Amino acid sequence: MENTPRVFALVDCNNFYVSCERVFNPKLADKPVVVLSNNDGCAVARSNEVKALGVKMGTPWFQMQPLARQHGIIALSSNYTLYADMSQRVMTILRDFSPEVEVYSIDESFLGLQGLSRLWPTYTDLGQAIRHRVGQWTGLPVCVGIAPTKTLAKLANHLAKTRPEFAGVCDLTVLKEGQLAGYLACLEVGEVWGVGRRIAARLQALGIGSVQALRATPPHVIREHFGVVMERTVRELRGISCLDLEEVAPPKQQIIASRSFGAPVISQEELREAVSRYMQTAAEKLRQQGSVCSAVQVFIHTNPFKTHDRQYSTGVVVPLTQATDDSRRLVAAALWGLARIYRPGYCYKKAGVMLLDLAPASVRQASLFSQVNPRTAHLMRVLDELNAAHGRNTIHLASSGIQQRWAARFDHRTPRYTTRWDELPRVHA
DNA sequence: TCTGGGGTCCTAGGACCC
DNA sequence: TCTGGGGTCCTAGGACCC
């Protein structure tokens, strides 16, 4: 495969969260459906019917009330347990098709395809086979984009989703240059992976409006205006692969756990409960990736949308004397930090913690001055195993409270169909 | 009444030192 | 009256992604 040019596929689930809900509730098919973020705040997934109504990603649910009533939009709280499980099923299927899979997000993966062309008449046939099997085995619709670079594969996927003539699979490698330029001339520059709202506006100001126009701009010109990252993007658009597959995810450099509250919080006592709980979630993730951390950050803030309220937003970093993954020590550090920044008299909306300065746990164990207590490691393992078996937060430190009045609301949650015995879908004869 | 959460990378600017 | 310059480190904030 030395001289075989790279070929990437991007497999992306259509309207992923909405599609997951439809698998288990067929009545949602063809209806306008949105899935809402935590606290039933914003639309984070929209069915095609909702997109056609002009609802943008991130629109607050309360703002689309008139439209929702008029068109019968169905709103569901997000059911992350279900989506994560469905995602795993899709990714498992993709591994049957290619030995090289990079899981890029919960609903999309890059596949390395070069070398597989001998097994299939065309890459398009391979893409259709993926669509068919994922559809048959999970019920989820996916589209496939195929191209010599990841950036082009992203665009190919977009074409596969929006142009009916591709029937869900778009292979740019078989297009003639003129055809490719024609398609790219119809796409706005903001569709390019790595070009967001701000950069799109600046490109427009330079007279670069379409993807084809960006592709036709010399990379060094782009570098002068936008830096090395955007220059790489232009090279990728020109078919020169600069971004390779990352099949093994590198360990995270920071771990965040934060939530908006379901109800306003004023007292330090309730903030302590929330911070304690978030830290226990973060610590679990830390141990999962086999890391220890040597600094934690705590932050709290009021609701920035309530402009008439007095605002307060701050955070503090608490260094640890030695790196650890012990929930009890991490929670203690976070609560110490909270006491430093808490001010009475504010209506708090959100709190969070960050784990910083992460390092592999194995390095710490080699250190002379920080012996690991084997009983701590055992305790944490038992904690994690119990919570994995019986659901997050089954066992927790007392400092995170019992009532948790501040916990986020999920008023439209659907059952966790695939991961809880008592929530399995029922079939009525 | 009601506006998400979790990441990465890059850069500008301040603090500090010599 | 006249008030350096360069390097490093750290942090905050911007921009992007899903």
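These notebook entries record what I looked up in a predicted model of a protein with two DNA strands.

**Ground rules**

Residues count from 1 along each chain as its sequence is written, and chains are lettered from A, with ligands numbered from 1, in the order in which they are written. In this predicted model local features need pLDDT of at least 70, side-chain atom pairs count only at pLDDT 80 or more, and totals for chains, interfaces and linings use all residues, while side-chain values use heavy atoms and leave out hydrogens and water.

**Entry 1: DNA strand C**

I started with the residues near DNA strand C, where near means that a heavy atom of the residue lies within 4 Å of the strand. I found 13 residues around it, and S105, K154, G194, R198 and I199 come nearest. Of the strand C atoms that come within 4 Å of the protein, sugar and phosphate account for 100%.

Next I looked up polar contacts (pairs of N or O atoms within 3.5 Å; within protein, one must be able to donate a hydrogen and the other to accept it, and residues adjacent in sequence count only if both atoms are side-chain atoms). The side chain of S105 places an N or O atom 2.6 Å from a sugar or linking oxygen of strand C. D107 also has a polar side-chain atom by a sugar or linking oxygen, at 3.2 Å. K154 goes to a phosphate oxygen instead, at 2.7 Å.

I then assigned the surface to helices (DSSP runs of H or I, at least four residues) and strands (runs of E, at least two), numbered from the N terminus. β5 (101-105) and α8 (197-205) each supply at least two residues. α8 gives the largest share, three residues.

**Entry 2: DNA strand B**

I count 21 residues around DNA strand B, with S37, I256, S258, S260 and K349 the closest. Here sugar and phosphate make up 68% of the strand atoms within 4 Å of the protein.

S37 has a side-chain N or O atom 2.7 Å from a sugar or linking oxygen of strand B. Two side chains point me to phosphate oxygens: R259 at 2.9 Å and K350 at 3.2 Å. β9 (255-265) and β12 (348-360) are the elements that give two or more residues to this surface. The largest share, six residues, is from β9.

**Entry 3: strand β1**

Is β1 buried or exposed? Six of the six residues of β1 (residues 8-13) are buried (under 20% relative accessible area, 1.4 Å probe, protein chains only), so the strand is largely enclosed by the rest of the structure. I checked both faces: F8, L10 and D12 lie on one side, A9, V11 and C13 on the other, and all are buried.

Pairing takes at least two DSSP bridges between strands. β1 pairs antiparallel with β7 (residues 142-147) over six bridges, and F8 has A147 as its bridge partner there. β1 also pairs antiparallel with β6 (residues 108-112), over five bridges. In that pair, V11 is matched with S109.

**Entry 4: the largest nonpolar core**

A nonpolar core is a set of buried Ala, Val, Leu, Ile, Met, Phe, Trp, Tyr and Cys residues joined through side-chain atoms within 4.5 Å. The largest has 35 residues, and F16, L94, L111, L113, I130, V134 and I146 touch the most other members. Elements giving two or more residues include β1, α1 (16-24) and β7. α4 gives the most, eight residues. Domain 1 (8-13 + 87-238) and domain 2 (16-82) both contribute, so this core lies between them; the domain bounds come from an automatic or database assignment.

Conventions: Buried means under 20% relative accessible area, exposed over 50%, partly exposed in between (1.4 Å probe, protein chains only).
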